[in-house]
Every structure is written in structure tokens, then in C-alpha cells.
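Let's take a walk through a protein model together, starting with the whole and then stopping at a few places inside. Keep the viewer open as you read.

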Amino acid sequence: MRKKLKIINIVGARPNFMKIAPIMRAYMHHRDIEPVLVHTGQHYDEKMSDLFFKELEIPQPDINLEVGSASHAVQTAEIMKAFEPVVLEHKPDAVLVVGDVNSTIACGLVTVKLGIKLVHVEAGLRSGDRTMPEEINRILTDSISDLLFCTEQSGVDNLLKEGIAQDKIHFTGNVMIDTLLKNAKKAEDSNILGRFNLEKKNYAVVTLHRPSNVDNPSIFSGILESLNVIQSDIPVIFPVHPRTRQNIKKFSGNNLLEKMPDLHLIDPLGYLDFLKLMSNARVVLTDSGGIQEETTILKVPCLTLRENTERPVTTVLGSNCIVGTNPDMIIGAYKRLSAGDWHKSSIPPLWDGNAAERIVKILLDKL
Ligand code: UD1
């Protein structure tokens with residue numbers, strides 16, 4: 001009988017949790033895999049981490065490295081220092097990382113330096129913008145991975161262009177969408193609309209956390225200017241990421257915010273509440289990557305407040321539009337979609353809820 005495949009799986013920051021959940025579940029159907037779950041502790045607040053484990057039924061991590069927040073260099077270095085002994089002790093056959101956060105590259109680097117195979121889920125995405133910390137994490141992680149799983153064709157094309165061997169690359173679909181489809185029914189029970197007195201299709205949702213938006217006072221205030229116009233038309237619900245919350249305080253944007261009675265700044269939401277909120281919104285304005293994909297599946301218009309996207313399929317087939325951060329552009333797009341002038345969208349190939357199962361089958365075959 002074949003020896004069990006031991007795979008260490010890494011999570012660290014909020015967007016990792018929805019990606020790992022279906023993979024951990026798929027392992028349960030394959031008894032010849034022994035998964036170990038490691039949480040780096042990059043995100044640690046109840047609302048940024050624990051809540052997702054509960055709602056998405058992710059098993060408790062076997063190990064928590066508890067690194068917490070710090071500068072990029074310190075955070076990455078702390079994760080590497082704490083993760084190396086884990087790999088040495090567990091001697092896995094492979095380490096699987098997801099997404100593009102600092103935990104992804106930090107654990108990836110430790111893995112390959114110890115001569116262990118590295119698997120990257122959500123490989124090949126490229127924004128072309130090297131000032132984004134995530135873009136550096138993506139390029140580096142992909143360049144050292146042994147197996148690369150892509151969510152869209154552009155990912156495959158980017159990897160081939162970068163000289164990655166074709167037999168390492170697999171187009172398997174989107175694990176984040178596996179999670180969305182599995183939880184869509186459960187999310188219907190959320191009472192979030194009632195809690196904020198919202199009518200379906202008559203409110204907007206905003207999320208912002210990219211350093212390029214929220215660490216820059218002039219860009220941030222331009223975005224707030226456009227939100228001011230939107231909230232004079234419909235309520236705007238803004239679950240605020242901790243980084244953004246700190247900057248709102250720092251820039252004393254509170255004064256401006258107080259003048260916007262229908263802009264509602266709330267704590268970060270759990271997965272189910274947020275899914276219900278997005279599903280029924282007239283529009284979502286965001287600088288997140290994952291939300292561009294989720295709104296595509298939900299067919300809710302998404303205005304991406306960035307100059308580029310690493311997920312082009314969401315604009316070509318999906319409901320997403322890259323509008324940037326200029327208030328006139330944001331307001332113009334909002335007015336168009338409110339008037340019913342928005343492009344028709346469709347679901348990208350293989351975003352069908354079965355990506356994790358495909359990935360696990362390939363792992364069994366190739367590792
Ligand atoms: C990280 C990821 C980003 C991802 C985002 C999702 C990197 C480079 N960035 O950015 O790709 O889209 O997560 O949220 O990995 N903080 C808390 N509580 C927490 C976590 C963070 O208060 O549980 C605060 C800390 O003060 C910290 C700040 O938020 O300094 C930013 O956290 P950090 O993990 O450095 O980066 P994010 O901006 O969250």
C-alpha cells in the first residue's frame with residue numbers, strides 16, 4: 001500500500017481562509033492524504049480570523065506560529081524563522097500555499113530551501129504592478145513552485161510566458177468560488193439586511209484596504225468624495241479593515257465622515273453576513289482581489305477602485321469594471337449602473353464549485 005502523502009497547508013491572512021476551506025474538505029475524501037494545517041498568525045483578530053474558521057468549518061490549525069503584524073521584512077522573516085522547525089519536524093511530502101500574502105511567500109521560500117515540493121494554489125495572476133506587495137509575492141512564489149494551480153486562463157498564459165514548464169501548470173478553477181457556492185444557501189439566513197435596515201438592490205457596499213489607496217491621504221480623500229455622492233443617493237455600508245481604520249484615525253478623516261449620514265462604517269463582517277450583503281447590493285466598490293471574483297459569480301456590478309487587476313476574467317466575462325480612484329470616474333460608473341447601463345456578464349470556465357476536488361486528484365497523481 002502507498003504511504004500516506006503528508007501535506008502541510010498554510011493559512012495566514014483573511015483571504016486565505018476561504019481558499020483553504022474546500023481543500024481541507026476535499027482531503028477528507030481521500031484517506032491516503034495526511035493534511036497538517038499551519039496558521040502563521042499574520043491575521044489574529046477574532047473578526048479577521050477565528051470567525052472564518054467557525055463559519056467555514058475549517059479544522060482548528062494543528063500549529064499556530066503567532067507571528068502577528070509587523071513591517072513586511074520583519075513579518076516575512078518571523079514567519080520563515082517560525083516555520084522552518086515545523087517543516088523539519090513534520091518532514092512533509094509537500095507544502096501547499098494559497099494566494100499572495102506574506103505568509104504565502106515566506107512559507108514557500110522555507111519549503112524549497114529544505115528541498116520539499118511546493119504547491120501554489122491561485123498561481124499565475126499578474127496585475128503588472130510591481131509596487132503592489134502581492135504582485136512580488138505572486139511572482140516569487142510561482143517561480144519556486146513545483147505544481148501551480150490556476151483559476152483562469154490568463155494565469156496559465158502568464159506562467160508560460162515566464163518560462164514555467166507546462167507540465168507543472170494546471171487550470172483547475174477557483175477554490176474561493178467553491179466556498180461561495182457551498183455557503184450561498186446558508187448565507188441567505190443572515191439577518192444583515194434587517195440589522196442595517198437595507199432594501200435589496202438599494203444600497204452600496206464598500207471595502208478598502210490596499211496600502212496604495214488607504215495609506216495615501218489624497219487618494220483616500222478622493223475615494224471618500226465619491227462615496228459622499230453615492231451616500232446622498234443610497235445607503236453605503238463600509239465594513240472597515242483594521243489597516244483602514246488606523247488610517248481614518250490618522251488622517252482625521254472622521255470630520256468628513258461625520259458629514260455623510262448614510263455612509264455606515266462598521267466592523268469587519270464574517271463570511272456569511274458579507275456574502276448576503278454583497279449578493280443583494282446594487283453595487284460593490286472595492287480594492288480587494290477576491291471580491292472582484294465573488295461579485296462576478298453573484299452577477300453584482302463591481303467597481304474596482306484600482307488602476308489594474310490581476311483577475312482580468314472578471315472584467316472580460318464577469319460583472320467587474322476597473323474604474324481607478326478618480327472621483328469623477330467612480331461617480332460616472334455609479335450613475336451608469338444605477339440607470340441600468342451595465343455590461344452583461346457570464347460565469348468564467350471551471351468556476352463550478354469543484355476546483356478543490358480537481359486539485360486534490362492532481363496532487364495524488366503528481367506528488
Ligand atoms: C494582508 C495582505 C493582503 C490581503 C489582506 C487581506 C500581505 C502583503 N497583504 O494585508 O494581500 O489582501 O491581508 O486583509 O500579506 N491588523 C489587525 N488585526 C489583524 C490583522 C491586522 O488589527 O488581525 C492590523 C495591524 O495593525 C496591521 C494591519 O492591520 O499592521 C495590516 O495587516 P497586515 O497583515 O500587515 O496586512 P493587510 O493590510 O491586512
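What follows goes from overall dimensions to one helix and then to three loop residues.

Please bear in mind that this is a predicted model. The protein is built from 17 helices and 13 strands. How does its radius of gyration sit beside that of a compact globule? For 367 residues, a compact globule would come out near 21 Å, and the protein has 20 Å, so the two agree. If you align the view with the principal axes, the C-alpha atoms fill a box of roughly 65 × 40 × 40 Å.

The interior and the surface can be put into numbers too. Of the 367 residues, 58% count as buried. Among contacts with a separation of 6 or more, 70% are between residues 24 or more positions apart. On the outside, the protein exposes about 15200 Å², and carbon and sulfur atoms supply 52% of that area. As for charge, there are 42 positive and 45 negative side chains, with the centres of the two sets 2 Å apart.

Now zoom in on helix H2, which covers residues 46-55. Which of its residues are buried? They are Met-48, Ser-49, Leu-51, Phe-52, Phe-53 and Glu-55. A reminder helps in reading such a list: an α-helix has 3.6 residues a turn, so residues three or four places apart point the same way. The cover over the buried residues of H2 includes strands S1 (5-11) and S2 (33-39), along with helices H1 (14-28), H7 (175-188), H11 (242-250) and H13 (271-279). Just after H2, Glu-57 takes a positive phi of about 55°.

Step back to the loop between S2 and H2, and you will find His-43. With a relative accessible area of 17%, His-43 is buried, because the cut-off for that label is under 20%. Leaving aside neighbours within four places in sequence, His-43 is in contact with Gly-12, Ala-13, Arg-14, Met-48, Ser-49 and His-241. Two of these partners, Met-48 and Ser-49, are among the buried residues of H2. Gly-12 is 31 residues from His-43 along the chain, yet their C-alpha atoms are separated by 6.1 Å. At Arg-14, the backbone nitrogen lies 2.9 Å from a polar atom of the His-43 side chain.

Further along the chain, Asn-308 lies in the loop between strand S12 (302-304) and helix H15 (313-316). Is Asn-308 buried or exposed? Its relative accessibility is 17%, so Asn-308 counts as buried. The Asn-308 side chain makes a polar contact of 3.5 Å with the side chain of Asp-129, and another, of 3.1 Å, joins it to the side chain of Arg-306. Beyond its neighbours within four places in sequence, Asn-308 is in contact with Ser-127, Asp-129, Met-132 and Ile-322.

Arg-306 also leads us to the last stop. Thr-325 and Arg-306 are 19 residues apart in sequence, and 6.1 Å apart in space from C-alpha to C-alpha. Thr-325 sits in the loop between strand S13 (320-322) and helix H16 (327-338). At 15% relative accessibility, Thr-325 counts as buried. With neighbours within four places in sequence left aside, Thr-325 is in contact with Asn-213, Ile-219, Ile-223, Leu-305, Glu-307 and Ile-330.

Note on methods. Residues are numbered from 1 along each chain as its sequence is written. This is a predicted model: local features need pLDDT of at least 70, side-chain atom pairs count only at pLDDT 80 or more; totals for chains, interfaces and linings use all residues. Side-chain values use heavy atoms; hydrogens and water are left out. Helices (H or I, at least four residues) and strands (E, at least two) are DSSP runs, numbered from the N terminus. The radius of gyration is taken over C-alpha atoms; the globule rule is 2.2 Å times the number of residues to the power 0.38. Buried means under 20% relative accessible area, exposed over 50%, partly exposed in between (1.4 Å probe, protein chains only). Contact means heavy atoms within 4.5 Å. Accessible areas come from the Shrake-Rupley method with a 1.4 Å probe; for residues, only the protein chains shown count as cover. Lys and Arg count as positive and Asp and Glu as negative; His and the chain ends are not counted. The place of a charge is taken as NZ of Lys, CZ of Arg, CG of Asp or CD of Glu. A polar contact is a pair of N or O atoms within 3.5 Å; within protein, one must be able to donate a hydrogen and the other to accept it, and residues adjacent in sequence count only if both atoms are side-chain atoms.
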